[in-house]
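Visitor: I should like a close look at one helix of this model and at what surrounds it. Please take me through its geometry, its packing and the spaces beside it in one connected account.

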Amino acid sequence: MFDVNWLAIVLGALAGFVVGGIWYGPVMGKKWIGAVGLTEDQIKEGNMGLIYGGAFAFSLLASWTMAHTFASYGYDLSVFAKIMTAFGVALGFIVPAIGTNYLFSQKSKLLFFIDAGYWLIFYLAMGTVHAYLP
């Protein structure tokens with residue numbers, strides 16, 4: 001269960017975290033702020049240590065789970081198979097989960113596509129790290 005590549009776990013989490021900084025910064029930041037219904041001032045008032053620390057902790061958990069999943073297969077997958085597995089996790093588990101939540105909480109389609117896009121790219125980045133650092 002803990003016989004995994006810890007460097008890959010940390011680097012995979014960092015890769016996803018960097019994707020988030022780019023995605024919710026210069027790429028989709030303004031659109032996301034509008035879609036989520038906050039102002040830039042409200043964003044700045046948040047507890048950034050808790051927000052970023054918690055987000056990184058969740059990224060570590062996701063990365064460890066990915067590493068554990070690959071380690072439990074009993075055979076080594078190709079780089080492509082690992083990257084596509086990570087993408088499949090996002091597409092098959094993460095996207096439907098947030099989609100369901102957004103339907104019931106009546107969030108906008110724009111917010112769904114912004115957040116779903118992020119998670120797809122997050123898992124591609126994290127999966128790529130795990131594919132090359134087994």
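Guide: In this predicted model, the buried residues of helix H4 are Ser59, Ala62, Ser63, Trp64, Met66, Ala67 and Phe70. These buried residues pack against H1, H5 and H6. H4 itself runs over 48-72, while its partners cover 6-27 for H1, 79-104 for H5 and 109-132 for H6.

The length of H4 agrees with expectation, because its 25 residues, at 1.5 Å a residue, should span 36 Å, and the C-alpha atoms at its ends are 35 Å apart. Just after the helix, Gly74 adopts a positive phi of about 85°. A positive phi of about 85° is also found at Gly37, just after H2.

Several residues introduced above recur in the interior. Met66 is among the residues with the most contacts inside the largest nonpolar core, which has 24 residues; the others so named are Phe112, Phe122, Tyr123 and Met126. At least two residues of this core come from each of H1, H4, H5 and H6. The most generous contributor to the core is H6, with eleven residues. Tyr123 shows how H4 is met there: leaving aside neighbours within four places in sequence, its contacts are Ala62, Met66, Ala86, Val89, Ala90 and Ile94. Of these, Ala62 and Met66 are buried residues of H4.

A second point of contact is His130, which lies in helix H6. His130 has a relative accessible area of 4%, under the 20% limit, and therefore counts as buried. Beyond its neighbours within four places in sequence, His130 is in contact with Ala8, Ile9, Ser63, Met66, Ala67, Phe70 and Lys82. Ser63, Met66, Ala67 and Phe70 all belong to the buried set of H4. By contrast, Tyr132, also found in H6, counts as exposed because its relative accessibility is 58%, over the 50% limit. The C-alpha atoms of Tyr132 and Phe80 are separated by 9.9 Å, although their positions lie 52 residues apart along the chain.

H4 also borders open space. Rolling a probe the size of a water molecule over the atoms shows where empty space is left. The largest pocket holds about 870 Å³ of space. It is lined by 25 residues, of which Tyr24, Ile51, Tyr52, Ala55 and Tyr118 are the closest to its centre. Two or more lining residues come from each of H1, H2, H4, H5 and H6, and H4 gives the most, with ten residues. By type, the lining has 18 nonpolar residues, six polar and one charged.

H2 (29-36), another contributor to that lining, has Gly29, Ile33 and Ala35 as buried residues. These pack against H1, helix H3 (40-45) and H6.

The second largest pocket has a volume of about 150 Å³. Among the residues that line it are Ala8, Ala67, Phe70, Lys82 and His130, and each of Ala8, Ala67, Phe70 and Lys82 is also a contact of His130. The largest share of this lining, three residues, again comes from H4. Its residues divide into eight nonpolar, two polar and two charged. H4 thus gives the most to the lining of the largest pocket and the largest share to that of the second, while its buried residues pack against H1, H5 and H6.

Definitions and conventions. Residues numbered from 1 in each chain as written. Predicted model: local features only at pLDDT ≥ 70, side-chain atom pairs only at ≥ 80, totals over all residues. Heavy atoms only, no water. 1 Å grid on protein atoms, 1.4 Å probe; cavity = no way out; pocket = protein on both sides within 12 Å on 5 of 7 lines; lining within 4 Å. Points joined across faces, edges and corners; volume = space filled by probe spheres on them. Helix = DSSP H or I, 4+ residues; strand = E, 2+ residues; numbered from the N terminus. Nonpolar A, V, L, I, M, F, W, Y, C, P; charged D, E, K, R; others polar. Expected span 1.5 Å × (residues − 1). Buried < 20%, exposed > 50% of the residue type's maximum accessible area, 1.4 Å probe, protein only. Contact = heavy atoms within 4.5 Å. Core = buried A, V, L, I, M, F, W, Y, C linked by side-chain atoms within 4.5 Å.
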